[in-house]
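Please walk me through this protein with the sequence and the fold side by side, and explain how its parts are placed relative to one another.

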Amino acid sequence: MNFFDRIPTTDLWNYLASTKKTVVMYGMGNGADKILSVCQSHGIDIADFFASDGFVRGHSFHGKTVLSYSAVKEKYGAENIIALLSFGSSLPNVLELFKRVNQECEMYAPDVPVCGREIFTLDFFNAHKKEILAVRDMLEDEESRRIYDNVILYKLTGKISYLFNAESEKDETFELLEAKNFKVCADLGAYNGDTLRELLEISPLLEKAYAMEPDRRNFKKLDAFCSAYEGQTQLIPINAAAWSEDTTLTFGDEGNRNSGIFAPQKTAKAVEITALSPDSVIKDEGIDYIKYDIEGAEREALLGSAKTIARCRPALLVSAYHKSEDIFALPLLVKSIYPDYRLYYRRYPYVPAWDLNLICI
């Protein structure tokens with residue numbers, strides 16, 4: 001079947017706005033706040049909030065008492081509700097729970113971006129159809145196109161079945177990258193050193209690794225790991241954000257994976273941080289591999305490493321899920337920097353559509 005023949009005639013948000021069923025939300029927190037905001041903008045009423053059985057403690061959310069899953073089914077009837085999943089997980093037991101709830105009632109996991117305001121609606125898809133198709137044609141193998149197609153269908157429909165059809169093993173990613181041959185690398189968005197540890201295990205020839213992390217609390221853990229490391233690899237922790245130029249930025253001081261660059265307005269958790277272009281960090285050194293996982297700043301970091309990419313042609317691993325446009329805009333940007341890259345997509349198990357990785361060889 002042609003890819004465009006699979007595109008639905010309506011998206012999740014329009015469907016929810018027209019349904020006669022009772023819409024309830026599964027989960028609370030930041031993800032629920034984002035989904036609730038989009039629902040309100042589309043005139044979609046949320047009747048109740050619920051949590052998994054055993055996780056209800058009599059608390060409330062947005063002025064409503066949080067119900068258990070059993071209670072919400074008893075109140076409305078499983079056949080009469082639409083459940084909107086509003087939290088994410090990669091844990092196998094939680095993913096199995098999602099599948100079970102999905103079988104028992106009509107459930108969707110709305111796609112709201114980690115960063116940015118654009119929602120991947122049908123109008124958004126149609127506005128970027130040319131770019132989306134161009135990237136699809138660039139992908140090197142059927143596995144990449146399978147993942148790409150299913151992720152886009154998920155974004156439009158919210159159906160988690162598409163995500164379970166868009167999974168691959170992490171070993172495939174490292175095999176494509178030929179990680180066993182890396183000697184000099186850069187980890188942009190190094191968090192607490194977890195991906196650096198992984199790299200050290202799979203790259204026995206690794207001589208040097210630059211590790212950039214802007215969040216002060218994450219960097220403290222990263223620095224401690226690098227200081228305690230006793231292997232042959234030179235680890236260079238850098239307390240700065242990867243960006244398009246050397247500057248100062250306003251940053252969210254959350255101390256977790258979601259810490260990121262703010263828009264110009266400041267909030268209670270905003271701090272000023274140093275930002276450096278990867279080009280200025282790497283300078284004239286040769287490099288084999290760069291990983292970009294920077295909570296929505298991937299575009300800027302790619303622009304800031306354009307000279308290094310053109311000079312060294314390193315393997316690239318780019319997170320392509322933080323913004324709605326990342327899935328097509330980032331591959332096009334990489335191709336504009338160095339047209340001869342071969343592009344692949346691989347995605348690790350996760351609901352929603354996180355851990356989508358663009359691999360450039």
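In which helix does Met138 lie? Met138 lies in helix 6, and, as everything that follows, this placement is read from a predicted model. With a relative accessibility of 25%, Met138 counts as partly exposed, because the buried class ends under 20% and the exposed class begins over 50%. Beyond its neighbours within four places in sequence, Met138 is in contact with Leu332, Lys335 and Leu343. In space, the C-alpha atoms of Met138 and Arg342 are 7.9 Å apart, although the two residues are 204 residues apart in sequence.

Another residue of helix 6, which covers residues 129-138, is Ile132. Ile132 counts as buried, because its relative accessibility is 0%. Once neighbours within four places in sequence are left aside, the contacts of Ile132 are Phe3, Phe120, Phe125, Tyr148, Ile152 and Phe328. Ile132 and Asp187 show another relation between sequence and space, since they are 55 residues apart along the chain and 28 Å apart from C-alpha to C-alpha.

From this helix we can turn to the sheets. Strands of a sheet pair through backbone hydrogen bonds, and they do so either parallel or antiparallel. One open sheet consists of five strands in the order 5-2-1-6-7, with parallel pairing. Strand 5 (67-68) and strand 7 stand at its edges and have a single partner strand each, so one side of each is left without a neighbour in the sheet.

Following that order, strand 5 pairs with strand 2 (residues 48-51) in the parallel sense over two bridges, and Phe50 stands opposite Leu67 in strand 5. The residues of strand 2 point in two directions, with Asp48 and Phe50 on one side and Phe49 and Ala51 on the other, and all of them are buried. Strand 2 is also paired in the parallel sense with strand 1, over three bridges, where Met25 stands opposite Phe49. Strand 1 (residues 22-26) is in turn joined to strand 6 by five bridges, again running parallel, and Val23 is found opposite Ile82 of strand 6.

Strand 6 (residues 81-85) is mostly covered, as five of its five residues are buried. Its two faces are both covered, with Ile81, Ala83 and Leu85 buried on one side and Ile82 and Leu84 buried on the other. Three bridges then connect strand 6 with strand 7 (residues 106-108), the two running parallel, and Tyr108 in strand 7 is the bridge partner of Leu84.

A further open sheet has seven strands in the order 10-9-8-14-15-17-16, and its pairing is mixed. Strand 10 (234-238) and strand 16 (343-347) stand at the edges with a single partner strand each, so one side of each is left without a neighbour in the sheet. From one strand to the next, the twist averages 15°. Within this sheet, strand 15 (residues 315-319) and strand 17 (residues 356-360) run antiparallel and are joined by four bridges, with Ser319 standing opposite Asn357. Helix 7 (residues 142-157) lies across strand 16 and strand 17, and runs at about 60° to strand 16.

The loops around these strands hold some backbone features to check. Most residues other than glycine have a negative phi, and most peptide bonds are trans. The peptide bond from Val351 to Pro352, however, is cis, with omega near 10°, and Pro352 is found in the loop between strand 16 and strand 17. Glu295, which is not a glycine, has a positive phi of about 50°; it is found in the loop between strand 14 (289-292) and helix 13 (298-304), and it is buried, with a relative accessible area of 13%. Arg313 likewise is not a glycine and has a positive phi of about 50°, within the loop between helix 14 (306-312) and strand 15. At 48% relative accessibility, Arg313 counts as partly exposed.

Pro352 also leads to the internal spaces of the model. There are two cavities of 30 Å³ or more, and the second largest holds about 50 Å³ of space. Its lining is formed by Asp111, Val112, Pro113, Val114, Lys155, Tyr321, Lys323, Ser324, Pro352, Ala353 and Trp354. Sorted by class, the lining of this second largest cavity has seven nonpolar, one polar and three charged residues.

How values were computed. Residues numbered from 1 in each chain as written. Predicted model: local features only at pLDDT ≥ 70, side-chain atom pairs only at ≥ 80, totals over all residues. Heavy atoms only, no water. 1 Å grid on protein atoms, 1.4 Å probe; cavity = no way out; pocket = protein on both sides within 12 Å on 5 of 7 lines; lining within 4 Å. Points joined across faces, edges and corners; volume = space filled by probe spheres on them. Nonpolar A, V, L, I, M, F, W, Y, C, P; charged D, E, K, R; others polar. Pairing = 2+ DSSP bridges. Axes fitted to C-alpha atoms, helices over the stretch in contact; angles between N-to-C directions. Contact = heavy atoms within 4.5 Å. Buried < 20%, exposed > 50% of the residue type's maximum accessible area, 1.4 Å probe, protein only.
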